[in-house]
Amino acid sequence: MKFNTKTIHGGQEHDPAYGAVMPPIYQTSTYAQSTPGGHKGYEYSRTHNPTRNALEKSFASIENGKFGLAFSSGMAAIDTVIKLLNPGDEVISTNDLYGGTYRLFTKVYEKYGVKFHFIGMENANNIESYVNDNTKLIWVETPTNPMMNIIDIDQTAKIAKKYNILLAVDNTFATPYLQQPLDLGADIVMHSATKYLGGHSDVVMGALIVNDPELAEKLAFLQNSSGAVCGPQDSFLMLRGIKTLHIRMQRHCENGKAIAEYLANHPKIEKVYWPGFETHPNHDIAKLQMRDFGGMLSFTSKGNNYKEAVKIVERLKLFTLAESLGGVESLSGHPASMTHASIPKEEREKTGVVDSLIRLSVGIEDIEDLINDLKQALG
Ligand SMILES: Cc1ncc(COP(=O)(O)O)c(C=O)c1O
């Protein structure tokens, strides 16, 4: 199956009971047994649920993986990956990453003796100098949030393989429509499925996808042991969202390009961060590993004024000022006071998250309306 077909049919079968085309919402916590252990493959819904299983197969299919695991949030999925580690282990991570991930690494796991190195990975060779005998995981976000840096997954995977280190890629921004990290050599793909996979801003959910059966078993053990699973109703909504991922992404990319170009030519704008520009430092890598450039972009205004940036996001009408991204509706965000508020100012500014930075999640509305909204807000 090709990608567009996989979003609709990948890993799916009609329900064996009545042939329902969409998987029923198996709203049950437990399953009848005829004799102890005499069941039809399901014992308890923390461990397995038919609706969640249908979704996990869909996750695996769209990422070209063998095993998919669904969690109650993206953070729960990341948490599960870090629980593979032991005290003393080290992680090399992108320095420009989602604030919640940074918080989990530094505020939760450092105290259990896991050491994190946050480094610029735009040049993959930079990674090798941080590798030592304790390095067990490389954590990559690409494009990064919110600076839209691009990291070469193939090169990073080669380094990870050379030293026998796991490579995990947070594929939330790109989605498998744009890039499939397992095909590029990653061991784990992670999603905040809350975003583009769900696509309608109505579900919070996380996903992990892997190929290695042993790794899948370890992750499933942690998923069941810690119990941060999603419910059947949310699994159903996620499956419904995934079915239109390819057509939504196509429009997100078209609108994203038009807005990046509009902003780049606006006299009040200092800089636009979007990997589709030839001037983007890793445009060539983006072109190689991504099918298009997505619907996420960030920009700074001239003068780098915190208050002015806040005014712009307040004046936007169609772009709703809100956390999150990846839904059909356009959203704006001010990372310094919102998603990245948990990162100290000196730290965030080192990676470009300055006071005037505004991040846009460009939706799939009519492009003329979106541009007019930006025009009136920028003044
Ligand atoms: C890139 C990225 N990774 C992970 C997360 C965390 O996912 P969730 O909010 O579903 O827990 C987010 C949330 O914004 C994100 O943007």
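Which residues surrounding the ligand are the closest? In this predicted model, the answer is Met 75, Asp 170, Ser 192, Thr 194 and Lys 195, out of 14 residues that surround the ligand. By character, this shell divides into five nonpolar, six polar and three charged residues. Helix α3 (74-82) and strand β6 each supply at least two residues of the shell.

Some of these neighbours can be followed down to single atoms. The side chain of Asp 170 places an N or O atom 2.6 Å from a nitrogen atom of the ligand. On the backbone, a polar atom of Gly 74 lies 2.9 Å from a ligand oxygen, and a polar backbone atom of Met 75 is likewise 2.9 Å from an oxygen atom of the ligand. Taken alone, the ligand would expose 390 Å², and the protein buries 91% of that area.

Now to the sheet. Seven strands build an open sheet with mixed pairing, and a walk across it meets them in the order β1-β7-β6-β5-β4-β2-β3. At the edges are β1 (67-71) and β3 (115-119), each of which pairs on one side only. Neighbouring strands are turned by 20° against each other on average, with direction ignored. One pair to look at is β2 (residues 90-94) and β3, which run parallel and are joined by five bridges; Glu 90, for instance, has Lys 115 of β3 as its bridge partner.

Helices lie against these strands too. Helix α8 (residues 213-226) packs on the sheet, where it touches β1, β5, β6 (188-192) and β7 (206-210), and its direction makes about 20° with that of β1. Helix α6 (residues 153-162) lies across β4 (135-141) and β5 (166-170), running at about 155° to β5.

Terms used:
Residues are numbered from 1 along each chain as its sequence is written. This is a predicted model: local features need pLDDT of at least 70, side-chain atom pairs count only at pLDDT 80 or more; totals for chains, interfaces and linings use all residues. Side-chain values use heavy atoms; hydrogens and water are left out. Two strands pair if DSSP finds at least two bridges between them. Helices (H or I, at least four residues) and strands (E, at least two) are DSSP runs, numbered from the N terminus. Axes are lines fitted to C-alpha atoms, for helices over the stretch in contact, and angles run from 0 to 180 degrees between N-to-C directions. Contact means heavy atoms within 4.5 Å. A residue is near a molecule or strand if one of its heavy atoms lies within 4 Å of it. A polar contact is a pair of N or O atoms within 3.5 Å; within protein, one must be able to donate a hydrogen and the other to accept it, and residues adjacent in sequence count only if both atoms are side-chain atoms. Accessible areas come from the Shrake-Rupley method with a 1.4 Å probe; for residues, only the protein chains shown count as cover. Ala, Val, Leu, Ile, Met, Phe, Trp, Tyr, Cys and Pro count as nonpolar, Asp, Glu, Lys and Arg as charged, and the others, Gly among them, as polar.
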